Each structure stands twice: as structure tokens, then as C-alpha cells.
Amino acid sequence: MKGKNGQGSIPALGAMSGTSLDGVDAAMVVTDGNRIESFGKTGYRAYSPAEREILRAALGRWHDDDVAQAADTVQAAHAALLGEFEDAELVGFHGQTLAHEPRGRGTHQIGDGEALARALGVPVVWDFRAADVAMGGEGAPLAPFFHHACARHIGAKRPLAFLNLGGVGNLTWVDPRIEAPEAEGALLAFDTGPAEPINDLVGQRLGLDCDRDGALARQGRVLDGALELFLAESYFSRMPPKSLDRDDFSVMLDLVRGLSDADAAATMTAMAAASVMRGMEHCPQPPERVLVTGGGRLNPVMMRMLGACLDCPVEPVEAVDLDGDMLEAQAFAYLAVRVARGLPTSAPSTTGVPAPVGGGQISRP
Ligand SMILES: Nc1ncnc2c1ncn2[C@@H]1O[C@H](COP(=O)(O)OP(=O)(O)OP(=O)(O)O)[C@@H](O)[C@H]1O
Ligand SMILES: CC(=O)N[C@H]1[C@@H]2OC[C@@H](O2)[C@@H](O)[C@@H]1O[C@H](C)C(=O)O
């Protein structure tokens, strides 16, 4: 490992505040921006119910008092959590997405990297998505270059897929035999569909955060008609790369409106799983396995439905010793090092950007 000025591996700290608004994940990765040398300490700071409401009130907004209050909340949560890490030479700060309209107003993440760099005394890479969008890309998903490094890190020899199931699902098909992630044929990535509306359903009807362990869905029946209507949405037949905003699929809630709580939860869980199945049709060749990361992997009903509709093993990323709660935070540690080294973080096959681009700006303390 070489220190700050060399091109060897450095300890980098990544942080992600995801679409489900549950909290901030943080994780250390030692990397040179190509190879993952090792994974390190992780941490989590939940948003309080009051903070969550502040963030929720700012969703879909761009510049107003609610956005300013949400930005302060995100900033304070990150400064507190990241201050607990001592060894980082670089920080990758994703922030919180409030809106994502790559072909409209752009993509909007709150969180100020300059202020964070001053607070931590460490260089911070942030604003990861804007350059990709400015060049005509989707600006998301960005984890695929990290998934490629993970596939090589675990010694995969044949194409496999990573599936992140959080508020929005995203799929990365990886051919680990191709060394450079930006090379043609190494990756295909896109957002598969929504998962967050399941939380909205149980929140609105029962005041719950989520259908924990699929407790509700497991008691219900899937309404085939609603599932078919859902799959008729044009998003699913659109060729990737493609990306979604958190609330692009509020139609999901309309489709289950008349159903019992259990049937609605079962049908929406089936919708999320079926959107992954439709996504798999776009893979250049069948993956040998699907490794699932994010909170959705903890829902056994979701995992069972995925297993039933996909033609290969579907397992949590823990099957290959990765941490499914921290993969996105680790991704932004890895991507930060790539940005600092002038390496690309997205490519035509991951965001549809016309040429590989390194997103993100660096702020020094
Ligand atoms: N035990 C569980 N049972 C069912 N669902 C769960 C469980 N644990 C977490 N989840 C689901 O996972 C979600 C959180 O996942 P995660 O933290 O990966 O999302 P995120 O990172 O905020 O979203 P995104 O990846 O879209 O940015 C919760 O909102 C909930 O829907
Ligand atoms: C605009 C935005 O924040 N998108 C998120 C969201 O959450 C999951 C999915 O939608 C993915 O596209 C992305 O996050 C991950 C970390 C990514 O960029 O790979």
C-alpha cells in the first residue's frame, strides 16, 4: 500500500443515504481504484422519525426552505457518523437524492462536500452523478463499476449479476473476465423497478416502516390481473441503460387499492420480483447466479418469489462474504478513489453516457 501521493491503495471511506430514507451507511474500503484490497470498518446512523419527515417533505423539490432544512439534516448526520472513522485518506459522499430527472431538470443530491471536507479535515469526493447527466447519461446506477470490482474480488469466472433491492431496484450484469469495467461487454446495468411503494402501502394502512420479513405478504395472495397491468408499463420494455426516480411507480399503489392488506403486500412484492424478471431479459447472456444486496434481501417472500421466477440461483451477497447492508457505501468509497485517480465511474453500458466519464468533484479541507 502506498500513501497519499502514490498510485497504490489507500483507505477510503464511503457514505450513502439511500432512497428509503432509513439512515446513513458508511464503510471503509482499501483500494487503488481498480482492485479491492480489503474491506474495513462500517457504521450506520439511523434518521430519527422527525428527521425522516424533514427529508420526506423535501422529496421532489429543488430549492426552497424545506430543501435547505433537509440538507442541514443530511449534513449533520454524515458529519456525526463519518467523524467516528479515523483512518480515511479520502471520503466518497453520495448525499441524499431528492429528485432524479436525467432528461428533465437533472439529478439532485443534497449534501455539501466542501463543508464536509472542512468538518472532517479530509478530501471529499461528491456530486457523483451530475457530470454523467450533463453528458447525456442517466446518472444512475453508479454502483456497477464497484460490482465489477467485487466480482473480480470474489474470484468469479463467469458472468453473474448483482441485484440491489432498496427503495428502487437495480441490476448489474458483470462479465468478470473483462478487466476494464468501461470496456464493451464488461457490464450492463439499469434500474429494474420500484420496491419503495411496499413501504408506502404498509405505512399508509398500518403505520409500519416496512413489511418486515414479508410477514404480511406471506399471508396474502397475488392478484394476477394487477401484476399484468403493472408489467404492461412501458418502462419494462425500454432497452437499458435506464434509471428511475423514487416515486416513478406510484401506480403500484393504485393497482392494489381495493385489496386486503395481505393481498396488496403479496401482489406488490410479486410486482417488485417480476420487474427483476423482466430486467433479466436484457442480460447479454444468463448470469450463473444473482447476488442480492440491500434491505430487500432480508425479505424471505421477496427472495422466494425471485427464486421462483429466475432461472439461476438467487442468494444474498453474504453467500460470497460481502456485506449486503454496506455495498452501496463501499461503492462510493471505491468510486471516490477512481475519481481522485482520474478513472471513469460510468460508461455507455451502465448509464448510457456516450463515453466513459469520471463523475464527482473533489473538495479539499
Ligand atoms: N427484514 C426486512 N424485511 C423486509 N424488508 C426489509 C427488511 N429490512 C429492510 N427491508 C427493506 O429494505 C429497505 C431498505 O433497504 P436499503 O437500505 O438497501 O435501501 P436504500 O439504500 O435506502 O435504497 P436504495 O438502494 O434504493 O437507495 C427498507 O425500506 C425495507 O423496505
Ligand atoms: C438517483 C439515485 O440516487 N438513484 C439510486 C436509487 O437507489 C437505487 C437505484 O435508485 C440506483 O439507481 C441509485 O443508487 C445506487 C447506489 C447506484 O447509483 O448504483
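How many residues of domain 1 are in contact with how many residues of domain 2? Keep that in mind while you set up the view, and remember that this is a predicted model.

**Stop 1: the two domains**

Start by colouring the protein by its two parts: domain 1 (10–140 + 329–363) and domain 2 (155–320). Note that domain 1 comes in two stretches of sequence, so make both part of your selection. If you drop a centroid on each domain using C-alpha atoms, the centres are 23 Å apart.

Now for the opening question: 19 residues of domain 1 are in contact with 18 residues of domain 2. On the domain 1 side, select β4 and α12 (348–351), the elements that give two or more residues to the face touching domain 2. Colour that side by class and you get 7 nonpolar, 10 polar and 2 charged residues.

**Stop 2: ligand 1**

Next, select ligand 1 and show its shell. Here 20 residues surround the ligand, and the closest are Gly18, Ser20, Gly166, Gly294 and Gly295. By class, the shell around ligand 1 divides into 3 nonpolar, 12 polar and 5 charged residues. Why does ligand 1 lie between the domains? Both domain 1 and domain 2 give residues to its shell, so that is where it lies.

**Stop 3: ligand 2**

Move on to ligand 2 and do the same. Its shell holds 17 residues, with Thr97, Ala140, Pro141, Ala143 and Val168 as the closest. For secondary structure, show β4 (90–101) and β8 (168–174), the elements that each supply two or more residues to this shell. You may recall β4 from the first stop, where it was listed on the side of domain 1 that touches domain 2. Domain 1 and domain 2 each contribute at least three residues to the shell around ligand 2. Its class count is 5 nonpolar, 10 polar and 2 charged.

**Stop 4: α1 and α2**

Hide the ligands and turn to helix packing. Two packed helices are described by the angle between their axes and the distance between the axes. Select helix α1 (residues 49–58) and helix α2 (residues 65–82): their axes come within 8 Å and cross at roughly 135°. That angle makes α1 oblique to α2, and the crossing is left-handed. Show side chains for Glu51, Ile54, Leu55, Ala57 and Ala58 on α1, then Asp66, Val67, Gln69, Ala70 and Thr73 on α2, to see what makes the contact. This contact has 6 nonpolar, 2 polar and 2 charged residues.

**Stop 5: α7 and α9**

Now pick helix α7 (residues 224–231) and helix α9 (residues 261–280), which pack at about 40° with axes 10 Å apart. That makes α7 oblique to α9. This crossing is right-handed. Ala226, Leu227, Phe230 and Leu231 of α7 meet Thr267, Ala270, Met271, Ala274 and Arg278 of α9. By class, you'll find 7 nonpolar, 1 polar and 1 charged residues in the contact of α7 with α9.

**Stop 6: α9 and α10**

Keep α9 selected and add helix α10 (residues 300–309). The pair packs at an angle of about 40°, with the axes 9 Å apart, and α9 passes α10 in a right-handed crossing. From α9, show Thr269, Ala270, Ala272, Ala273, Ala274, Val276 and Met277; from α10, show Val301, Met302, Met305, Leu306 and Cys309. The class split for this contact is 11 nonpolar, 1 polar and no charged residues.

Technical notes: Residues are numbered from 1 along each chain as its sequence is written. Chains are lettered from A and ligands numbered from 1 in the order in which they are written. This is a predicted model: local features need pLDDT of at least 70, side-chain atom pairs count only at pLDDT 80 or more; totals for chains, interfaces and linings use all residues. A residue is near a molecule or strand if its C-beta atom, placed from the backbone, lies within 6 Å of it. Helices (H or I, at least four residues) and strands (E, at least two) are DSSP runs, numbered from the N terminus. Ala, Val, Leu, Ile, Met, Phe, Trp, Tyr, Cys and Pro count as nonpolar, Asp, Glu, Lys and Arg as charged, and the others, Gly among them, as polar. Domain bounds come from an automatic or database domain assignment. Axes are lines fitted to C-alpha atoms, for helices over the stretch in contact, and angles run from 0 to 180 degrees between N-to-C directions. Angles under 35 degrees count as roughly parallel, over 145 as roughly antiparallel, 65 to 115 as roughly perpendicular and the rest as oblique. A crossing is left-handed if the near helix is turned anticlockwise from the far one by less than a right angle, and right-handed if clockwise. Two residues are in contact if their C-beta atoms, placed from the backbone, lie within 7 Å.
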